[in-house]
Amino acid sequence: MNEATIWRFLKSQGITDAGAAGLMGNLFAESGLNPKNLQNTYETTLGYTDETYTAAVDSGKYTNFIYDRAGYGLAQWTHWSRKQALLAFCKAVSSSIGDINAQLRFLIKELSESFQGILVTLMSATSVHEASDAVLLQFERPAGKDNLAVQARRTEYAQKYYDMFASDKKGEMVTMSNSPLVTHTNFSPNHSGPRNHTIDTVTIHCFVGQVNAKRGCEVFKPSSKGASCNYVVGYDGSIGLCVEEKNRSWCSGGKHSVNGISGSQNDYRAITIEVASDTKHPYAVTDKAMEALISLLTDICRRNPEIGRLRWKGDKSLVGQVDKQNMTVHRWFADKSCPGDYLYNLHGQIADEVNRRLDNNKEDDNMDIARFKELWIEMRKELQDNDSGAWSQEAREWAASTGLIAGNGTEINGEPNYMWADILTREQFVTVLYRFAKMMGKV
């Protein structure tokens, strides 16, 4: 759900519970937390829905995004300069203008560069009301912002998110999650504890051995091993959890630094994955392991908004520039061939497939009642014709000839449209029963 994605992202940026709730309450008031939201009053004016507007901007078909004065996205960015900056940012990171992860990253960029005072408030706020008013009065600044009722309503929205996410009934804080795809768990003691950096990178390693997840986790169990990873992917498609995502594993060591980032520093920001492989060049992996790896990476991207989508250029000089490349390899930090040429040469294809799966799932992620109604109408249209099977021909002809079924008043190919495959409502059902009863002389 968008609520959880947004909450996790804001918390990963050092914003307090009260600050995150205050910001989310305002975003809800602006857009319903829908990153593709086009200001409602402009839908008729421009002739677009949320989806078609987003698609038209992405494709270049619609070229007046910057100057059309229509609010758009999570924060309903409206002023031309802010929409221009949003569009430029999304293009730079190769994301749709309506991508929630790109918008969240832009939101923090905008706050840190142009609204530093508000960001400071959000990172220190202990009052939901204080945080909500700061965002309303200094960042969103809608018409009617000084109205006490407006302020109270937004604080109410914010409080809802605070109650939802800040703590459970026992007062335990919401924490990072691990993948639900895990089939075996055996925690290694070899880790540094909590990360000191947001998760924004993934690093794929080759295990150098065709092991299953259970055996892979066992290898990293002894403290004498001095190494670990977050996940092990077995040759059979099994997935093992060795180190929780919230903790930094000991996986990508080495004596080389790239852009001031060493292998150990990489692991503070990267989720590390060891994949079962052959023991010699090119360290190939099985098809089952590859499928499990791609599924795991897709899940990781969905749960970690700072990763969002995978980006791979095969360019060592881009280490740390996660808006351009957020996949790293061990060979860049150490004198090793890891992850082996087999996996290394497939990094681009892996990223493409993960992103394809993420795109295919966005319809579900952004589903709301308005979008459901649109899809429902589209589905109904496909059923509202005369397509039908030969087995029902005699019954259909009788029902039409007796007037039991009248159709919807339109024609298809010169014949009445009876909508034979469409759904029958209770209203239509009793009408058919009534007509039949009249035919039988019972009414």
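**Reading a predicted model: cavity, cores and backbone**

The structure holds one cavity of 30 Å³ or more.

User: How is a cavity defined, and which residues line the largest cavity?

Analyst: Rolling a probe the size of a water molecule over the atoms shows where empty space is left. On a 1 Å grid over the protein atoms alone, a cavity is a set of points where a 1.4 Å probe fits but cannot get out; a pocket is an open set with protein on both sides within 12 Å along at least five of seven lines; lining residues have an atom within 4 Å of a point. Grid points are joined across faces, edges and corners, and a volume is the space filled by probe spheres set on the points. Here the largest cavity holds about 30 Å³. Its lining consists of Thr201, Ile261, Asn266, Arg269, Val319, Gly320, Val322 and Thr328. Three of the lining residues are nonpolar, four polar and one charged (Ala, Val, Leu, Ile, Met, Phe, Trp, Tyr, Cys and Pro count as nonpolar, Asp, Glu, Lys and Arg as charged, and the others, Gly among them, as polar).

User: What is the volume of the second largest pocket, and what lines it?

Analyst: The second largest pocket has about 410 Å³ of space. It is lined by 16 residues, of which Ile405, Tyr418, Leu424, Gln428 and Val432 are the closest to its centre. The lining has 10 nonpolar, four polar and two charged residues.

User: What is the mean pLDDT of the chain, and where does pLDDT stay under 50?

Analyst: This is a predicted model, in which local features need pLDDT of at least 70 and side-chain atom pairs count only at pLDDT 80 or more, while totals for chains, interfaces and linings use all residues. Residues are numbered from 1 along each chain as its sequence is written, and side-chain values use heavy atoms, with hydrogens and water left out. pLDDT is the predictor's confidence in each residue, from 0 to 100. The chain has a mean pLDDT of 89, with 95% of its residues at 70 or more. Over residues 168-175 pLDDT stays under 50.

User: What is a nonpolar core, and which helix gives the most to the largest one?

Analyst: In soluble globular proteins, nonpolar side chains tend to be buried together. A nonpolar core is a set of buried Ala, Val, Leu, Ile, Met, Phe, Trp, Tyr and Cys residues joined through side-chain atoms within 4.5 Å. Buried means under 20% relative accessible area, exposed over 50%, partly exposed in between (1.4 Å probe, protein chains only). The largest core has 52 residues, and Leu10, Phe65 and Leu111 have the most contacts inside it. Helix H6 (100-114) is among the helices that each supply at least two residues, and H6 gives the most, with seven. Helices (H or I, at least four residues) and strands (E, at least two) are DSSP runs, numbered from the N terminus. A second, separate core of 40 residues includes Ile261, Cys301, Leu343 and Ala351.

User: Where are the cis peptide bonds at Pro282 and Pro339, and which residue has a positive phi of about 50°?

Analyst: Most residues other than glycine have a negative phi, and most peptide bonds are trans. His281 and Pro282 are joined by a cis peptide bond with omega about 5°, and Pro282 lies in the loop between strand E9 (270-275) and helix H12 (287-303). Another cis peptide bond joins Cys338 and Pro339, with omega about 15°. Arg141, not a glycine, has a positive phi of about 50°. Arg141 is partly exposed, at 47% relative accessible area.

Notes: Contact means heavy atoms within 4.5 Å.
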